[in-house]
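Here are my notes on this one, jotted down in order. Have the model open while you read.

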Amino acid sequence: MNEKRAKLPAGLGPVIKVVEKNKYVILVLLAGLLIILWPTGGGGDSEPPPALEQIAHPLAFALAEQEERIARALSRIEGAGEVVVVLSLRTSLEQEVAVNEDGSGRRETVTVSTGQGTQSEVTLRYRYPEYQGALIVSRGADDPTVRLQITQAVAALTGLGTDRITVTKMGAE
């Protein structure tokens, strides 16, 4: 090692001593610098992030999807056979947005920046639709036990009272 130092210029001797003494600290600093400068794949030519309205909201509600989902579940009840579900709604999906009101009574919807120069309203809460009634048409509805199981299942899934659920037998096609 002394042979290598002899070949170096005279002014580098103290620098080399500092480097040798602090080599682990310097190594950690270089690794940190490398991590900070490492490209993340977020190049400028990529598409902008979607606005909040475009993101599929977990609270999104589609009546047809609910009917299909319930029909699939009910058709698995022993003896129910093919099932068709028709739901009627008392109310629709509602969204309550935040509103600022100044002293003069002027109301203004609260918005937040969603990036790329777009804004979105601040939602305080969503209210799911309320069901008004359900019609269930089933191949196995002539069996009172099947009809009862279907009625109880629909009541549990929709929150409807059993008096608002009608189960009828499916006719021949």
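1. Which residue caps the N-terminal end of H5? Asp143 does the job, with a side-chain oxygen 3.0 Å from the backbone nitrogen of Thr145. For polar contacts the cut-off is a pair of N or O atoms within 3.5 Å; within protein, one must be able to donate a hydrogen and the other to accept it, and residues adjacent in sequence count only if both atoms are side-chain atoms.

2. Some housekeeping. This is a predicted model, where local features need pLDDT of at least 70 and side-chain atom pairs count only at pLDDT 80 or more, while totals for chains, interfaces and linings use all residues. Residues are numbered from 1 along each chain as its sequence is written, and side-chain values use heavy atoms, with hydrogens and water left out.

3. The overall layout: the protein chain has five helices and nine strands, in the order α-α-α-α-β-β-β-β-β-β-β-β-α-β. Helices (H or I, at least four residues) and strands (E, at least two) are DSSP runs, numbered from the N terminus. Of the 173 residues, 19% are buried (under 20% relative accessible area, 1.4 Å probe, protein chains only).

4. Back to H5, residues 144-158. Its 15 residues reach 21 Å from first C-alpha to last, close to the 21 Å expected at 1.5 Å a residue (the expected span is 1.5 Å times one less than the number of residues). Just after H5, Gly159 has a positive phi of about 80 degrees.

5. Which residues of H5 are buried? They are Val146, Ile150, Thr151, Val154, Ala155 and Thr158. Seen down the axis, they fall within an arc of 165 degrees, so they line one face of the helix; the arc is taken from the directions from the helix axis to the C-beta atoms. Their cover includes H4 (63-74), S1 (83-89), S8 (131-138) and S9 (165-169).

6. The largest nonpolar core (buried Ala, Val, Leu, Ile, Met, Phe, Trp, Tyr and Cys joined through side-chain atoms within 4.5 Å) has 19 residues, and Leu74, Val85, Ala134, Ile136, Ile150, Val154 and Ile165 have the most contacts inside it. H4, S1, S8, H5 and S9 each give two or more residues, with the largest share, four residues, coming from H5.

7. Have a look at Ile136: leaving aside neighbours within four places in sequence, its contacts (heavy atoms within 4.5 Å) include Leu74, Val85, Ile150, Val154 and Ile165.

8. Last, the hairpin of S5 and S6 has two residues between the strands, and Gln116 there takes a positive phi near 55 degrees.

Conventions. Buried < 20%, exposed > 50% of the residue type's maximum accessible area, 1.4 Å probe, protein only. Pairing = 2+ DSSP bridges.
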